[in-house]
Amino acid sequence: MMINVCYAISDERGVYSKFVGASICSIFENTSKPVTVHLLHDGSLSEDNKRRFERLVLQYDQKILFYEVPKLIEDTIAQGREIFPIGLSSQRYTQVNMYRLAIAEVLPDLVERVIFLDADTIVNVDIDNVWQEEAGPAGLAAVSDWAVLEHFGKAGEIKENNSFLYRKGLATVKTVFNAGVLLLDLKILRQDENLLLRGLRFLAANDGQWDFYDNDILIAFFSKSFRHLPWNYNIRVIWARAFGENRLERGIYHYVGRSYGLNPSDSCYKLFISYLLKTPWIDESLLYTACHIARAYTMTQSRKRLAKVRQIANFSHQKKRVIMGLAGDEARLREDFALGEDEKFVTLTPGGKVPLLYSIADYYYLIFWSNYGEVKELLEKVGLREFEHFADGTLLMPEQTSELVLDELNFLWRI
């Protein structure tokens, strides 16, 4: 029997497809069963990336089908925009996030069951194991957060919060689930009202109270009726790293929040990279691209930092300095910046107040505070201007150069 797996993707910059490719590769590497991948997209998928997906499935003698969703359900999307426009065009949650609610409409009727996977998943188990599960009478099966944390002995840490879902009795701590892994019975879902439009009406009726559009809709509609899948079919990597002692389980790893990392001693990173390396996205140009991007990023950040340092020098050179920081840092900062006897140190304490003891006509304030933005906001409220009257003092400290380095998260999302 053919196993149907579905993904949804938007890839304007062409750098996102490789993550989906790694996930698909992990499926093929761990099963001997025939698989058809149904790839839903918004029209941004490039021909080059389409060819890479085709090469990947050909390599494993599997099958892939592409669906440009806006063209296939044009009328539904138009209706959705009238019901709740931001639900299909939010900057945080794009239209593609909502495609999982339209799977029953987009896929052909002959596809009666499907496993939906987020792009940031790695399947470290035979996908046939998931396929053999039942979707339940409501047509949807998922993994509760409770089940995963219970496995790690941390379920007691889950508490109800002020979420609309809890306040309205639409969910409990044991029925909240992540929609990144779903087993769907499309025959059942097609018998009900269009899920996407129904969900958008629900958002519109409760505008402003939602955290995650698509996931909140599914929890609100299915929390009392979904079939609970085993914990290991949606293992959040952040929890696995915190509680799993760097051991890999047989299951589906979900890199929520782009938590791939670049640490070769981390088992979850090694799992991801082992499959990415087997995809057509790793080719002879990758090393050059990676080096070029890292160099360009570092040069750009260095220029930005230098421009800020020049502004500090230009505005402060005829003034005395006032160092503002924690009391415990006074001796070190006085020594590092060779403060003169007539230059001042002002102790900062939490509480929303910044003591301005010296005239800005004669003194220049250098701030050493972990949340510089907080102090900046307070100073600007009383009429001071950044760089002209005050600045982030850590810009002058050679050891504070984190913004000059391309961090692992941004690096993976740029190549």
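These are my notebook entries on pockets, cores, helices and two single residues in this structure. I am working from a predicted model.

**Entry 1: second largest pocket**

I looked up the second largest pocket and got a volume of about 260 Å³. Its lining counts 20 residues, and the closest to the centre are Leu189, Arg190, Asp192, Glu193 and Leu195. I then asked which elements give two or more residues to this lining. They are helix 5 (103-106), helix 9 (186-189), helix 10 (195-205) and helix 11 (213-222). By residue class, I have 13 nonpolar, one polar and six charged in the lining.

**Entry 2: helix 11**

Helix 11 lines that pocket, and I checked its burial next. I find 10 of its 10 residues buried, so the rest of the structure largely encloses this helix. The buried set includes charged-type names as well: Asp214 and Asp216 are on the list. Among the others are Tyr213, Asn215, Ile217, Leu218 and Phe222. What do these buried residues pack against? I noted strand 6 (140-142), helix 8 (164-167), strand 7 (181-185), helix 9 and helix 10.

**Entry 3: nonpolar cores**

The largest nonpolar core holds 112 residues. Within this core, Leu40, Phe222 and Phe272 touch the most other members. Phe222 is also one of the buried residues of helix 11. I followed Phe272 further. Setting aside residues up to four places away in sequence, Phe272 touches Phe19, Ala22, Ile122, Tyr255, Tyr260 and Leu412. I also logged a second, separate core of 14 residues, with Met324, Ile367, Leu384 and Phe390 among them.

**Entry 4: cysteine 268**

I looked up Cys268 and placed it in helix 13 (residues 267-276). Is Cys268 buried or exposed? Its relative accessibility is 3%, so I count Cys268 as buried. Without neighbours within four places in sequence, Cys268 is in contact with Val237, Ala240, Arg241, Leu248, Tyr253 and Tyr255. Tyr255 is on the Phe272 list too. I also took one C-alpha distance. Cys268 and Arg247 are 21 residues apart along the chain, and their C-alpha atoms are separated by 8.5 Å.

**Entry 5: threonine 76**

Thr76 sits in helix 4 (residues 74-83). I read 7% relative accessibility for Thr76, and the cut-off for buried is under 20%. Thr76 therefore counts as buried. Which residues does Thr76 contact, leaving aside neighbours within four places in sequence? I found Glu105, Asn194, Leu196 and Leu197.

**Entry 6: cavities**

I asked how many cavities reach 30 Å³ or more. The count is three. The largest cavity has about 70 Å³ of space. I list 11 lining residues for this cavity, and Thr349, Lys353, Trp369, Glu374 and Val375 lie nearest its centre. The lining divides into six nonpolar, three polar and two charged.

**Entry 7: helix 16**

Val375 took me to helix 16 (residues 372-381), where the buried residues are Tyr372, Val375 and Leu379. Why do I call this one face? Seen down the axis of helix 16, the buried residues fall within an arc of 70 degrees, so they line one face of the helix. I recalled the general pattern: an α-helix has 3.6 residues a turn, so residues three or four places apart point the same way. The buried residues of helix 16 pack against strand 13 (363-367) and strand 14 (390-392). Last, I checked what follows helix 16 and found Gly383, with a positive phi near 100 degrees.

Methods
Residues numbered from 1 in each chain as written. Predicted model: local features only at pLDDT ≥ 70, side-chain atom pairs only at ≥ 80, totals over all residues. Heavy atoms only, no water. 1 Å grid on protein atoms, 1.4 Å probe; cavity = no way out; pocket = protein on both sides within 12 Å on 5 of 7 lines; lining within 4 Å. Points joined across faces, edges and corners; volume = space filled by probe spheres on them. Helix = DSSP H or I, 4+ residues; strand = E, 2+ residues; numbered from the N terminus. Nonpolar A, V, L, I, M, F, W, Y, C, P; charged D, E, K, R; others polar. Core = buried A, V, L, I, M, F, W, Y, C linked by side-chain atoms within 4.5 Å. Buried < 20%, exposed > 50% of the residue type's maximum accessible area, 1.4 Å probe, protein only. Contact = heavy atoms within 4.5 Å. Arc of directions from axis to C-beta.
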